[in-house]
Amino acid sequence: MAGVRYLARHVGVCRYGIHALLKAPINKAPAWGIVPQVRLMSGLSAQFEEAKARLGSLKEDPGNDAKLKIYALFKQSTSGAVTSKRPGMMEFVARAKWDAWNALGTISKEDAQKAYIELVNSLVKEEEETTASQVDSGQKYKTLLVSCDNRLRTITLNRPSKKNALTPEMYEEWMAALKEAAEDPNTTITAITGSGDYYCSGNDLSNFANVDPSNMHNASKEGGVLLERFVSAFIDFPKPLIAVVNGPCNEVSVTIMALFDAVYASDKATFNTPFSALGQSPEGCSSYLFPKIMGPGKAAEMLLFNKKITAQEAYNIGLVTDVFPEDSFQNEVWPKLQAYAKLPIKSLVYSKALTRDLEKDTLHKVNAAECERLVERWVSDDCLDAIMRFFNRKS
């Protein structure tokens, strides 16, 4: 499901103050509250000043946890330990920043500077290594790794440091990679997997960026259009599509699994769709396909009552095709898919069309209806309240 991360991109919850921390581009650090407009004390080291400059060179958002750490270390470096009172419960952005600063306790300004320098340098190094890896491998995608070997195409969600959390750019690249696979005559089977220990954690909290509270209804509609296009790419994909679920998956990465032709999972994988906890409603055609696959009662446990299930439970109710032990998962799954890729492509495509095409029109109608409902949900009071409760818990 889209979850709190997705709706945050499109609902405009910054009317509660969230965007004060998140809305600006990474190279404008003062807007995310990390570098206040104050004159630094003259004794700060050259390395600290250099780290400040390097922070502005980051092209990718480092994520909320890193931002809070940077903010806290900067404050400790320049002002020392926190002395102000903790903000009130409703000021959850200010409260989260205060908590991060306060957690540093009484460490010295010098030690805080060293930690700040180390953190910024590590973030810059990670981004440089990721960029270099993409260039060396000839990848044209920023958030995916795509390869094709002996007619088996693999699309790997590639933001391991963010648990493969989805951004709008990643949605667009995933759709483009599917289109490329569909049109490539040398691709028979397409497999989706995740890098690192997660398959996909859902949507990235940095999707809060650039939400204008005065334009939240239009932003919500734009989010609905993006989601409908994304799900349609799976409904219309003509070739066999297989999920290789290497770890936990949440939200929309779970709901679209009913649109795959097979789902192979590690026994360490989990599946979570917390719709009602976030004031939302089902997506990815799950409102139609989940009850068909697993029965209304089991579907309700996931779609209405937020039940997180294991890979074995997902297999028992028909969402997962097969489960493998974690220690042998990769060695067992990929040879199986390589064997599938040797089958005649036209036979596979025609057989899939016979099993799927009769429901295509229905699925597109379900997708449109789900997205229409979500557009309404994302700007509803109970959804906005759920977001506020979520951030109060986080802070």
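This is a guided tour of a predicted model, given as a series of selections to make in the viewer.

**Stop 1: strand β3 and its partner**

Select residues 189-194, which make up strand β3. Six of the six residues in this strand are buried, so β3 is largely enclosed by the rest of the structure. In a regular strand the side chains alternate between the two faces of the sheet. Colour Ile189, Ala191 and Thr193 for one side of β3, then Thr190, Ile192 and Gly194 for the other. Both faces are covered, and the residues of both sets are all buried.

Now add β2, residues 152-157. Strands β2 and β3 run parallel and are joined by six bridges. To find the register, display Thr154, which stands opposite Ala191 in β3.

**Stop 2: from β2 to helix α7**

Stay on β2 and show the side chain of Arg153. Which residue does Arg153 meet in a salt bridge at 3.8 Å? The partner is Glu180, with the distance taken from N to O. This pair links distant parts of the chain, since Arg153 belongs to strand β2 while Glu180 belongs to helix α7 (residues 168-183), 27 residues apart.

Is Arg153 buried or exposed? Arg153 is buried, with a relative accessible area of 6%. Glu180, at 26% relative accessibility, counts as partly exposed, because buried is reserved for values under 20%.

Extend the selection to Lys140 and Asp184. Together with Arg153 and Glu180, these residues are linked in a network of salt bridges.

**Stop 3: from helix α7 to helix α8**

Keep helix α7 in view and add helix α8, residues 216-235. The side chains of Arg229 and Glu172 meet here in a salt bridge of 3.0 Å, N to O. Arg229 lies in α8 and Glu172 in α7, 57 residues apart, and the pair links distant parts of the chain. Arg229 is partly exposed at a relative accessible area of 39%, and Glu172 is partly exposed at 35%.

Next, select Tyr171, Trp174, Phe230, Phe234 and Phe260. Ring pairs link these residues into a cluster.

**Stop 4: the cavity**

Leave Phe234 selected and add Ile235, Phe237, Leu259, Lys352, Arg356, Lys360 and Leu363. These residues, with Phe234, line the largest cavity. Rolling a probe the size of a water molecule over the atoms shows where empty space is left. How many cavities of 30 Å³ or more does the structure hold? There is one, and the volume of the largest cavity is about 60 Å³.

To see which helices contribute, show α8, α14 (345-356) and α15 (360-378). Each of them supplies at least two residues of the lining.

**Stop 5: rings on helices α3 and α4**

Move to helix α3 (residues 46-55) and helix α4 (residues 64-79). A search of the whole structure finds ten aromatic pairs. One of them is Phe48 with Phe74, a stacked pair at 5.9 Å centre to centre with 25° between the planes. The pair links distant parts of the chain, with Phe48 in α3 and Phe74 in α4, 26 residues apart. Both Phe48 and Phe74 are buried.

Then select Tyr71 and Lys97. The charged end of Lys97 sits over the ring of Tyr71, 4.8 Å from the ring centre.

**Stop 6: the three-strand sheet**

Select β5 (249-250) and β8 (309-310), then β7 (residues 270-272). These strands form an open sheet in the order β5-β7-β8, with mixed pairing. β5 and β8 stand at the edges with a single partner strand each, so one side of each is left without a neighbour in the sheet. β7 and β8 pair in the antiparallel sense over two bridges. Show Thr270 and Thr310 to place them: Thr270 stands opposite Thr310 in β8.

**Stop 7: a salt bridge within one helix**

Finish at helix α11, residues 296-303. Lys298 and Glu301 both lie in this helix, three residues apart, or about one turn. Their side chains meet in a salt bridge of 3.8 Å, N to O. Lys298 is partly exposed with a relative accessible area of 40%, and Glu301 is partly exposed with 27%. Across the structure there are 20 salt bridges, including the one between Lys298 and Glu301.

Terms used
Residues numbered from 1 in each chain as written. Predicted model: local features only at pLDDT ≥ 70, side-chain atom pairs only at ≥ 80, totals over all residues. Heavy atoms only, no water. Pairing = 2+ DSSP bridges. Helix = DSSP H or I, 4+ residues; strand = E, 2+ residues; numbered from the N terminus. Salt bridge = Lys/Arg side-chain N within 4 Å of Asp/Glu carboxyl O. Buried < 20%, exposed > 50% of the residue type's maximum accessible area, 1.4 Å probe, protein only. Phe/Tyr/Trp six-rings, centres within 6.5 Å; stacked < 30°, edge-to-face > 60°. Lys NZ or Arg CZ within 6 Å of the ring centre and 35° of its normal. 1 Å grid on protein atoms, 1.4 Å probe; cavity = no way out; pocket = protein on both sides within 12 Å on 5 of 7 lines; lining within 4 Å. Points joined across faces, edges and corners; volume = space filled by probe spheres on them.
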